[in-house]
Amino acid sequence: MTPDQVTVLLILGMVVGLFLWGRWRHDVVAVSALVACVWSGLVTPENAFSGFGHPAVVTVACMLIMSKALQVSGAVEVLARHALPPKAGLVFSLAALTGLGALLSGFMNNVGAMALLMPIALKVSTRLSIPPGRMLMPLAFGTILGGMTTLIGTPPNLIVAGFRAGMADARGPFAMFDFAAIGVPVAVLGVLFIALLGWRFVPKRQTEGLEGFDTGAYLTEARILKDGASVGKTLAEVEKVLEDAGAQVVGLVRHEMRISAPSPHRTLRADDILVIEAAADTLSTVLSTLGLKLEESGRPSEREEEKKEKNGDRAAAGTEATREAAAEKEPPDEDKADEKPRGDAAEIVLVELVVLPGPILSGRSASDISLRTRYGLNLLAVSRQGNRSVERLRSMALRPGDILLLQGPPGAIAEFASDTGCVPLAGRDLQIPNKRKAIQASLIMLLAVAAAALGLMPASVAFLAGALFTLLLRALPLRHVYDAIDWPVIILLGALFPLANAMQSTGAADLIARGLMEWVAQGNPVLALGLVLLVTMFLSDLMNNAATAAVMCPVAIGSAAALGVNPDPFLMAVAIGASCAFLTPIGHQNNTMILGPGGFRFGDYWKLGLPLEVLVVAVSMPLLLVVWPL
């Protein structure tokens, strides 16, 4: 083993270890690996950024822009409204919804397809009186299955095609529908399995929530009013009332100091803040019974009142209700505090939004994003299934899957949802479909797919042209263009391609492949193919699917070379395995997206995911051997 091989294997081992550890974001790990490769001499400074010009990276970015145009214009929503039966039973509704998700995911970003169909899934679950999770998990898995059917369905397919194009025998990349011969049968059988039988394996996570949604218990902060019934009571007395309402105290804030486990004998005072865990529909009962007020909704007006009382303005103190209403409707710009408030009290609404994976909100708090000053919104509560925070609500670092209960004008909530990519759980009235733009976005996508499928131009060029026309025709508002691109994925891909090339150029990939073939597969090509598929599936359940594909493609090519067989089935096995992240909530963004709304726990996914992965292996292995012979 050469020094370069040892170095690249050490870097690869650290990358995989950091991916599995999960403490650092995937893009940060990838950039760290790129820097380590340059410092160690495995990658020259001139080639350090070559990955960012890779056709797969360009195609992913352009595909995300066109997918966003389909989403914002309302094109997919119109399709869903006409394609889904309004009064069908459970099995047919599941099949229709999951099948539609799979179909959309073949031609647009599967995360975007999931975000568009999730509110519909929640609405169907309410109509059928079933736990929302039993609609959400099948939909999430269906959108993942659909991604493996086309070249643009999911980033791993583009990565695999890129590695094939870079092979020495100049095979060229896989075409648009080369994945369909295996992906379509797998997706169809997977959807049928989920709709007919698999949904029964989804755990029932039925809890109370706003408008019947299974949002789980909220963590919220409530201030004890000066004349409230809780003043002078012990915490034990208050907890008895909360217990009857299905709620509990998990913390106490006094003089801005958080007490995580307050004594039951502690006497409560006015202005103490109780951190309460409760379902959304019990909050009003708890507040009225105990004389409490949601901290975030009352905090600004109370501060104003205290300030005026200190200045001796007694007349102003007598108009508390008027000032509170004005404070809630106050424009987000603090410099415009004296302007006329927007609308009337009827325009202030409560909306639940789910936090999606991504850098905009993950790890940031309401204070970090200036939720009140920028948007004029109040964060009333946060639902985080299975976890409690020891921080104040306004400083709580948000995570993917959290559900936010926001209060404010519908327009401000719509703007916040659009800027941050959050998905509303209560209906689809935050976006007004635009028929002209929907037609434009659909035609642009169809023409780009046709150009790539017919070989008129390379996929990267076809989708670059599609993205350009999307901008020129304003099918997507310009302010959404750069927000549409999942930059962590772009950075991840651009930084990992040089590492993958270093694995090939140093012979480290061949070394790993020979070891696997000799020690495990015993030189049997069929066993080797199955091993590549299973290892890829295992890694995809634990780390980003694009990273999995980038790591496993050199190993797949090296395995085929060591055995002297066709590398295409091995690359296809990587594409299939990287798209099969069904065992954990962290393997795919769509799995993370349903964690809170479905009320799921970490160990809930494998109960449906494991049988589905077994089915995928059983169907794909024979097809690989027939469609792509060794």
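User: In this predicted model, which residues point one way from β8, and which the other way?
Analyst: Side chains in a regular strand alternate between the two faces of the sheet. In β8, I403, L405 and Q407 point one way. The other way point L404, L406 and G408.

User: How many residues of β8 are buried?
Analyst: Strand β8 covers residues 403–408 and is mostly covered. Residues pointing either way from β8 are buried. The count is six of its six residues.

User: Which residue of β8 stands opposite E352, and which is the bridge partner of A381?
Analyst: Strand β6 (residues 349–354) is joined to β8 by six bridges, and the two run antiparallel. Strand β7 (residues 378–383) is joined to β8 by five bridges, also antiparallel. E352 stands opposite L405. The partner of A381 in β8 is L405.

User: Where is H255, and what phi does it take?
Analyst: Strand β2 (residues 248–254) and strand β3 (residues 257–259) run antiparallel, joined by three bridges. R254 of β2 has M257 as its bridge partner in β3. H255 belongs to the hairpin of these strands, which has two residues between them. Its phi is positive, near 55°.

User: Which residue of β4 stands opposite V249?
Analyst: β2 is mostly covered, with six of its seven residues buried. Five bridges join β2 to strand β4 (residues 273–278), and the pair runs antiparallel. Opposite V249 in β4 stands I276.

User: Which helix gives the largest share of the nonpolar patch?
Analyst: The nonpolar surface patch is about 630 Å². V91, V184, V188, L189, L192, L196, L197 and F201 make it. Five residues, the largest share, come from helix α9 (residues 180–196).

User: Is L197 buried, partly exposed or exposed?
Analyst: L197 lies in the loop between α9 and β1 (218–224). Its relative accessible area is 39%. Buried needs under 20% and exposed over 50%. L197 is therefore partly exposed.

User: How far apart are the end C-alpha atoms of α23?
Analyst: Helix α23 (residues 545–563) has 19 residues. At 1.5 Å a residue, these should span 27 Å. The computed distance agrees: 26 Å.

User: Where does α23 bend?
Analyst: α23 is mostly covered, with 16 of its 19 residues buried. The bend is about 30°. A proline, P554, follows within four residues of the bend site, M552.

User: Which residue just after α23 takes a positive phi?
Analyst: Helix α23 covers residues 545–563. The phi just after α23 is about 70°. The residue is G564.

Note on methods:
Residues numbered from 1 in each chain as written. Predicted model: local features only at pLDDT ≥ 70, side-chain atom pairs only at ≥ 80, totals over all residues. Heavy atoms only, no water. Buried < 20%, exposed > 50% of the residue type's maximum accessible area, 1.4 Å probe, protein only. Pairing = 2+ DSSP bridges. Patch = residues over 30% accessible without salt bridge, like charges linked within 9 Å, V, L, I, M, F, W, Y side chains within 5 Å. Areas by Shrake-Rupley, 256 points an atom, 1.4 Å probe, with all protein chains shown as cover. Salt bridge = Lys/Arg side-chain N within 4 Å of Asp/Glu carboxyl O. Expected span 1.5 Å × (residues − 1). Bend = angle between axes of the 7 residues up to and from the residue.
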